Structure formats: structure tokens, C-alpha cells
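Please load the model in the viewer and keep the selection panel at hand. The tour below proceeds by selections, each followed by an account of what is found there.

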Amino acid sequence: FKSAGKPYILKMQHLEYLESWTGLSGFTAAADLVAFMAQNVKVGSVIEVQYKKISAAYYYIPDLYFQFSIPVNFAEATVTYPEYFRFRRVSKGYNPLQADRRTENRSVSLGGGILAFVSITDVYSIKDVPALREEPMVYSTEQYQDHVVYELSTIEVPGSILEDYSS
């Protein structure tokens, strides 16, 4: 969680400002870190976590993971980007993932003018995901993990040359 660009550690009902990044297991000032703790959490407890990540790295959308070493009752991820970026979306894993796409007309002030564009929002949801367990004869369980990969294929901004990144 960030407020005015400053990182915070969430502790139960209140937020505590984290003064310095130094000494935090090799994290740099550019890293995002949110640590939280909940008292009296036991096996079988349900924990709900929600966060929002806004990145200046417009060309990179990190992989969206839906399966972990613990079971997941429900998970949802939303990705929003302008129409000028075209991504190849690849869904991996065994469990059925629900995917929906919405579009919305938007505009932004840019260089004294207004740039109108279509905002694309992809929403992924999944229910009742079993825990991903290590198997003795499997080298990498991550390849079986339920997730979505975004690969930038093209950038096409009005008035500029099409940039193709697909192979």
C-alpha cells in the first residue's frame, strides 16, 4: 500500500509507515513491499487480500497467478490497458479460468490536446482452486500452476509507426 508514494506496512486495523528500505532482505527503493500479519490465524481460516498495482512499465504486465501452495476459494484479477497496446494472452494450468473483456471510451490531456482512446479491461476469475503440491518426479510445478501470461505483440499509436514485438 502506498500513500503519497510512501510505502506502508499493514498491521490489522491500522497502517504503520515504513521509514527505510535498508535492511529489508535486499529490497531496493524501487521494490514494492507490503507485509501484513493477522493474529489468531489457524489452519482453515479464510484470508482476503486485495491490492492494486499501477506501473510505469507500460510494455510489461507481470504474470497473473491463481494457484498457490494453499487452496484458493476465489481469485480475481483485472488488467486495464489502452487499445494501442496489443498483447498475446496465454492461459496456463488445469483449472477452468473465467475470462471476460470490457471496453470503455476514455480520453486524456496530452500536450495541450486531448487524446481519445478505448480502454480495454480483462477480468479473470477462478473458484475452488486446489493447492499446488510438490511432486517427487516433477521438475517444476510452476509449469502446471494456473496463471495467465501477457506478451506484448504490437504497439500502434496514432501518428506513429507500428512497432511489432511478436515472433
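**First selection: Tyr81**

Select Y81, which counts as buried because its relative accessibility is 7%, below the 20% limit for that class. The structure on display is a predicted model, and every value in this tour is computed from it.

Add F87 to the selection. With 11% relative accessibility, F87 is likewise under the 20% limit and therefore buried. How are the rings of Y81 and F87 arranged? Their centres are 5.0 Å apart and their planes meet at 75°, so the pair is edge-to-face; the angle required for that class is over 60 degrees.

Next, display Y124 and Y150 as well. Ring pairs join these two residues with Y81 and F87 in a cluster. The count of aromatic pairs in the model comes to 5.

Keep F87 at the centre of the view and show its surroundings. Apart from neighbours within four places in sequence, F87 contacts Y58, Y59, I61, Y81, Y150, E151, L152 and S153.

**The largest nonpolar core**

Widen the selection to the core. The largest nonpolar core has 20 residues, and those touching the most other members are L64, F66, Y81, F85, F87 and Y150. Which elements give two or more residues to this core? They are β6 (72-82), β7 (85-92), β9 (113-129) and β10 (147-155).

**A tilted pair: Tyr84 and Phe117**

Select Y84 and F117, both of which are buried. Their rings form an aromatic pair with 6.4 Å between centres and 50° between planes, an arrangement classed as tilted. Y84 belongs to the loop between β6 and β7, whereas F117 is in strand β9, so this pair ties together parts of the chain 33 residues apart in sequence.

**Salt bridges**

Now turn to the charged side chains. Side chains of opposite charge can pair when their charged atoms come close. The model contains 4 salt bridges by the rule applied.

Select E156 and R86. These residues form a salt bridge in which the closest N and O atoms are 2.9 Å apart. Since E156 lies in the loop between β10 and β11 (163-164) and R86 in strand β7, the pair ties together parts 70 residues apart in sequence. E156 is partly exposed at 36% relative accessibility, and R86 is also partly exposed, at 41%.

Move to D122. Is this residue buried or exposed? D122 has a relative accessibility of 0%, so it counts as buried. Show R89 beside it: D122 and R89 form a salt bridge, with 3.5 Å between the closest N and O atoms. D122 is in strand β9 and R89 in strand β7, so that the bridge links distant parts of the chain, 33 residues apart. R89 is partly exposed, with a relative accessible area of 37%.

Then add R101, whose side chain meets that of D122 in a salt bridge at 2.7 Å, N to O. Because R101 lies in strand β8 (residues 98-110) and D122 in strand β9, this pair ties together parts 21 residues apart in sequence. The relative accessible area of R101 is 43%, which makes R101 partly exposed. Through shared partners, the salt bridges join R89, R101 and D122 into one network.

**A nonpolar patch on the surface**

Switch to a surface representation and select V41, I47, V49 and Y51. These residues form a nonpolar patch on the surface, and together they have about 440 Å² of accessible area. I47 is located in the loop between β4 (36-37) and β5 (64-65).

**The whole chain**

Finally, clear the selection and display the protein chain as a cartoon. How many helices and strands does the protein chain have? There are 0 helices and 11 strands.

Colour the protein chain by relative accessibility: of its 167 residues, 26% count as buried. The protein chain exposes about 13000 Å², of which carbon and sulfur atoms supply 53%.

A contact map may be opened alongside the view. Among contacts in the protein chain with a separation of 6 or more, 62% are between residues 24 or more positions apart.

Note on methods: Residues are numbered from 1 along each chain as its sequence is written. This is a predicted model: local features need pLDDT of at least 70, side-chain atom pairs count only at pLDDT 80 or more; totals for chains, interfaces and linings use all residues. Side-chain values use heavy atoms; hydrogens and water are left out. Patches are made of residues with over 30% relative accessible area and no salt bridge: like charges are joined within 9 Å, nonpolar side chains (Val, Leu, Ile, Met, Phe, Trp, Tyr) within 5 Å. Accessible areas come from the Shrake-Rupley method with a 1.4 Å probe; for residues, only the protein chains shown count as cover. Helices (H or I, at least four residues) and strands (E, at least two) are DSSP runs, numbered from the N terminus. A nonpolar core is a set of buried Ala, Val, Leu, Ile, Met, Phe, Trp, Tyr and Cys residues joined through side-chain atoms within 4.5 Å. Buried means under 20% relative accessible area, exposed over 50%, partly exposed in between (1.4 Å probe, protein chains only). Contact means heavy atoms within 4.5 Å. Rings of Phe, Tyr and Trp (its six-membered ring) pair if their centres lie within 6.5 Å; planes under 30 degrees apart count as stacked, over 60 as edge-to-face and the rest as tilted.
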